[in-house]
Amino acid sequence: MIRHGYSNCITCHVSPNGGGLVTPYGRALSQEVLSTWHRENESDFLWGLVPSPEWLNLGGDFRYVQTHLDTPDTKTGRFIVMQADIEAAASLGKFSFVATVGKSHEVDPPKFIDNFFSRRHFVLYQASDQIYVRAGKFQRAFGINLPDHLVGTKRGLGWDYGSETYNIEGSWIDEAKDIFITGIFGRPDNRDLDREKGVAVRAGFNLAETHKAGLSYFYGNKTSSERHLAGPYAMLGFRKDLFLLAEVDMVNEHPKGGDPRWGWANYGRLDYEPLQGFHLFVSHDLIKSDLKVGNSLKRTYGGGLQFFPQPHFEFLGSYQKQGNRQISSEDNDFFWLMLHFYL
């Protein structure tokens, strides 16, 4: 949305850092500027068939993925239910109470209730037009908040789906800048996960109406290691049909009882929209966990298309070359097909 002059996620999302449940204004934008075709009020929750009071916002996300990996030794495919969540936000004055409930990723859980979990839940307080405070379970604000969790700046740094932690976050958001400070408390509800505790800081600044850049810093500490991450990111809308997303993060990790090491992660996507709702893109991401070790490099590069035909539907297809130097000096073929249905 940066190419249309929308630089702050909270314009369209309930969460200050974006992702998940959208606001009524975000729903309107999804049909006016995101989708190829639409009818009046088509973006409403369940197409408006289930009305809700003004204080209650309902939504949900369902993502299904088919992958195919072709290597010299084998060909494998997987169908994955990546996400199946219902989300609700109840507003009371300056407070909002937000929570999801969805399908757990556990295989054959011992109890029926373990089939379900809450990906995120938090209390949000809007102290003023610019100041927000929230507490609960959610992803820390760091770099670009991408939905693609496979890339080096997400999974490569240990921030995959399911890596949400319990946090307290304060943010200042206005038309020219946004600043997020997050205190991270790990997973006190499940200490066996050994999630990092620490702090994250992110600051973004509008360079022009459709250009934004910023810096991120993260410190995390857990039983086995501690680490520092820092780096710049940019979202550049060159035209209404052309934009670039880019992020570079340096990593300094100290395994407890081992030698410290430096590494880095990078992500970039150049996107062209020849027809509203229909995107062609090329992308590249990599992570090198140790600059002194040549075979610690993992990289992916390729392209694909993304299609938003109508509100509530998104399709994405991508062909990529994947390389993992710890396994092989050759790159493999990787195909990715995704259907995203949002309520």
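## Salt bridges

A salt bridge here is a side-chain nitrogen of Lys or Arg within 4 Å of a carboxyl oxygen of Asp or Glu. The model is predicted. By that rule it holds 14 salt bridges. Arg261 and Glu253 form one of them, with their closest N and O atoms 3.4 Å apart. That distance falls within the 4 Å cut-off, so the pair counts. Arg261 is partly exposed, at 28% relative accessibility.

Another salt bridge joins the side chains of Arg155 and Asp160, at 2.7 Å from N to O. Arg155 is partly exposed too, with a relative accessible area of 43%. That value lies between the 20% and 50% limits, so Arg155 is neither buried nor exposed.

Arg227 and Glu196 also meet through their side chains, again with 2.7 Å from N to O. Arg227 lies in strand E11 (residues 225–239), while Glu196 sits in the loop between strand E8 (177–185) and strand E9 (197–208), so the salt bridge ties together parts that are 31 residues apart in sequence. Both partners, Arg227 and Glu196, are buried.

## Nonpolar cores

The largest nonpolar core has 12 residues. Its members are Ile10, Val14, Leu21, Ala89, Val98, Phe122, Leu124, Tyr132, Phe138, Ala141, Ile173 and Phe180. Strand E5 (121–126) and strand E6 (131–138) each supply at least two residues of this core. A second, separate core counts 10 residues, among them Phe142, Leu157, Ala265 and Ile287. In soluble globular proteins, nonpolar side chains tend to be buried together.

Phe122 belongs to the largest core. Beyond residues up to four places away in sequence, Phe122 touches Ser15, Ser96, Phe97 and Val98. Its contacts also include Arg134, Ala135, Gly136, Lys137 and Phe138. Of these, Val98 and Phe138 are themselves listed in the largest core.

## Helix H1 and strand E1

Helix H1 spans residues 24–34. Its buried residues are Gly26, Arg27, Leu29, Ser30, Gln31, Val33 and Leu34. They pack against E1 and strand E17 (332–342).

Strand E1 (residues 56–70) contains Thr67. Thr67 is buried, at 10% relative accessibility. That value is under the 20% limit, which means Thr67 meets the rule for burial. Leaving aside neighbours within four places in sequence, Thr67 contacts Thr76, Gly77 and Arg78. Phe334, Phe335 and Trp336 are also in contact with Thr67.

## The loop at Gly277

Gly277 lies in the loop between strand E13 (261–275) and strand E14 (278–288). How buried is Gly277? Its relative accessibility is 0%, so Gly277 counts as buried.

Which residues does Gly277 contact, leaving aside neighbours within four places in sequence? Leu34, Ser35 and Thr36 are among them. Gln306, Phe307 and Phe308 complete the list. Leu34 is also one of the buried residues of helix H1. The C-alpha atoms of Gly277 and Glu32 are separated by 10.0 Å, although the two are 245 residues apart along the chain.

## Cysteines

How many disulfides does the structure hold? The count is zero. Cys9 is in no disulfide, and its nearest cysteine sulfur, that of Cys12, is 8.5 Å away. Cys12 is likewise in no disulfide. A disulfide needs sulfur atoms within 2.5 Å, so Cys9 and Cys12, at 8.5 Å, do not qualify.

Cys9 is partly exposed, at 34% relative accessibility. Cys12, by contrast, is buried at 11%.

Terms used. Residues numbered from 1 in each chain as written. Predicted model: local features only at pLDDT ≥ 70, side-chain atom pairs only at ≥ 80, totals over all residues. Heavy atoms only, no water. Buried < 20%, exposed > 50% of the residue type's maximum accessible area, 1.4 Å probe, protein only. Helix = DSSP H or I, 4+ residues; strand = E, 2+ residues; numbered from the N terminus. Contact = heavy atoms within 4.5 Å. Core = buried A, V, L, I, M, F, W, Y, C linked by side-chain atoms within 4.5 Å.
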